[in-house]
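Me: I have a model open and want to go through its fold. Can we take it piece by piece?

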Amino acid sequence: MLVSGLDVGSRTIALVEWDGVQVVREEVVFTGTSPLENSQKLTRGRHYDRMIATGYGRHFITEHSLADGVITEIKAYALGAKQLFPDAHTVLDIGGQDSKVILMSGNGNVIKFEMNDRCAAGTGRFLENMASALGLSVAELGVHALRAEKSIPLSSMCTVFAESEVVSLIGQGADSHCVALGIHEAIVNRINAVVQRVGINPSFVFAGGVAYNPCMRKLLAEKLCPEINVPSDPQTVGALGAAIQAQNDLQKGQAS
């Protein structure tokens with residue numbers, strides 16, 4: 001048996017191939033301007049017993065017969081996190097243009113969740129814009145912030161206003177390290193408010209591309225949970241969950 005999960009996000013597309021026991025292959029590419037074409041490139045020449053799609057583009061991909069079915073991002077991340085960390089109860093995913101917090105029961109069922117997909121604040125896109133305003137890459141931003149001696153807080157989380165404020169602070173001679181730390185603290189404070197509404201139980205899983213950021217990991221551990229589990233590839237958690245759903249679908253079909 002070989003199944004796969006395809007997570008078609010706003011910034012990246014992740015593919016995971018699963019043989020029922022372990023990951024056979026995983027790959028992440030940029031979504032670009034043609035998510036269908038880029039998804040087809042990922043799967044070209046491969047045969048799957050079943051493929052499930054998730055993410056923003058899941059319905060579009062399925063309409064073009066690339067996938068056999070879809071599941072929501074919430075369910076996909078819950079399944080993926082539970083597979084990677086069997087004791088997981090809370091999942092935080094910060095992706096390119098949305099963030100989500102999921103509270104799960106002991107057997108992996110979703111109890112409650114909140115998702116922010118209408119505002120870029122607190123997402124990877126927000127960090128991209130702030131990094132650009134500081135003349136840094138996204139990969140450099142977290143390390144840069146960790147070198148700060150203190151934080152310079154932002155007064156706004158609106159991407160447009162925050163970017164203008166960062167430029168203004170740098171123009172006034174503010175230390176860019178301190179500004180960068182303030183940016184990260186603003187995001188963590190926003191995320192913390194959502195987590196407190198949903199609830200937090202150990203173990204805590206941090207997924208999504210922003211989980212690569214060392215400053216975000218450090219601040220979340222200090223603010224939310226001392227022990228944060230970060231997958232080796234946090235961008236493929238949703239695709240893994242979709243692949244596991246494909247396996248579950250096959251098993252149900254065989255049982256019936």
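Reply: What follows goes through the chain, the sheets, the helix packing and one loop residue.

Me: Before that, what should I know about how the values were made?
Reply: This is a predicted model, in which local features need pLDDT of at least 70 and side-chain atom pairs count only at pLDDT 80 or more, while totals for chains, interfaces and linings use all residues. Residues are numbered from 1 along each chain as its sequence is written, and side-chain values use heavy atoms, with hydrogens and water left out.

Me: How many helices and strands does the protein chain have?
Reply: The protein chain has nine helices and ten strands. Both are DSSP runs numbered from the N terminus: helices are H or I with at least four residues, strands are E with at least two.

Me: And what radius of gyration does the protein chain have?
Reply: The protein chain has 19 Å, which agrees with the value near 18 Å that a compact globule of 256 residues would have. The radius is taken over C-alpha atoms, and the globule rule is 2.2 Å times the number of residues to the power 0.38. Along its principal axes, the C-alpha trace spans about 65 × 40 × 25 Å.

Me: Sheets next. What is the order in the sheet that has strand 3 and strand 5 in it?
Reply: That is an open sheet of five strands in the order 3-2-1-4-5, with mixed pairing. Two strands pair if DSSP finds at least two bridges between them. Strand 3 (23–30) and strand 5 (69–70) are the edge strands, each pairing on one side only.

Me: Do strand 1 and strand 4 pair in the parallel or the antiparallel sense?
Reply: Parallel: strand 1 (residues 3–8) and strand 4 (residues 50–54) are joined over five bridges. D7 stands opposite T54 in strand 4.

Me: Which strands does helix 1 touch?
Reply: Helix 1 (residues 35–43) packs on this sheet and touches strand 1, strand 2 (12–18), strand 3 and strand 4. Its direction makes about 30° with that of strand 2. Contact here means heavy atoms within 4.5 Å. Axes are lines fitted to C-alpha atoms, for helices over the stretch in contact, and angles run from 0 to 180 degrees between N-to-C directions.

Me: What about the sheet with strand 8 and strand 10, what order does that one have?
Reply: Its five strands are ordered 8-7-6-9-10; the sheet is open and the pairing mixed. Strand 8 (110–116) and strand 10 (228–229) are at the edges, and each pairs on one side only. Helix 3 (residues 73–84) packs on the sheet, touching strand 6, strand 7 (99–104), strand 8 and strand 9, and its direction makes about 60° with that of strand 7.

Me: How many bridges join strand 6 to strand 9?
Reply: Four bridges join strand 6 (residues 90–94) to strand 9 (residues 204–207), and the two run parallel. V91 stands opposite V205 in strand 9. Strand 7 and strand 8, by contrast, pair in the antiparallel sense over six bridges, with V110 as the bridge partner of M104.

Me: Which residue in the hairpin of strand 7 and strand 8 takes a positive phi?
Reply: G108, with a phi near 95°; the hairpin has five residues between the strands.

Me: Switching to helices. At what angle do helix 4 and helix 6 pack?
Reply: Helix 4 (residues 124–133) and helix 6 (residues 159–171) pack at about 25°, with their axes 9 Å apart. They are therefore roughly parallel to each other: under 35 degrees counts as roughly parallel, over 145 as roughly antiparallel, 65 to 115 as roughly perpendicular and the rest as oblique. F126, N129, M130 and A133 of helix 4 make the contact with T159, A162, E163, V166 and V167 of helix 6.

Me: And the angle between helix 4 and helix 7?
Reply: Helix 4 and helix 7 (residues 176–198) pack at about 165°, with axes 11 Å apart. That makes helix 4 roughly antiparallel to helix 7. F126, L127 and M130 of helix 4 make the contact with I183, H184 and I187 of helix 7.

Me: Last one: where is G96 found?
Reply: G96 is in the loop between strand 6 and strand 7. G96 and R11 are 85 residues apart in sequence and 5.5 Å apart in space, C-alpha to C-alpha. Leaving aside neighbours within four places in sequence, G96 is in contact with S10, R11, T123, G124 and R125.
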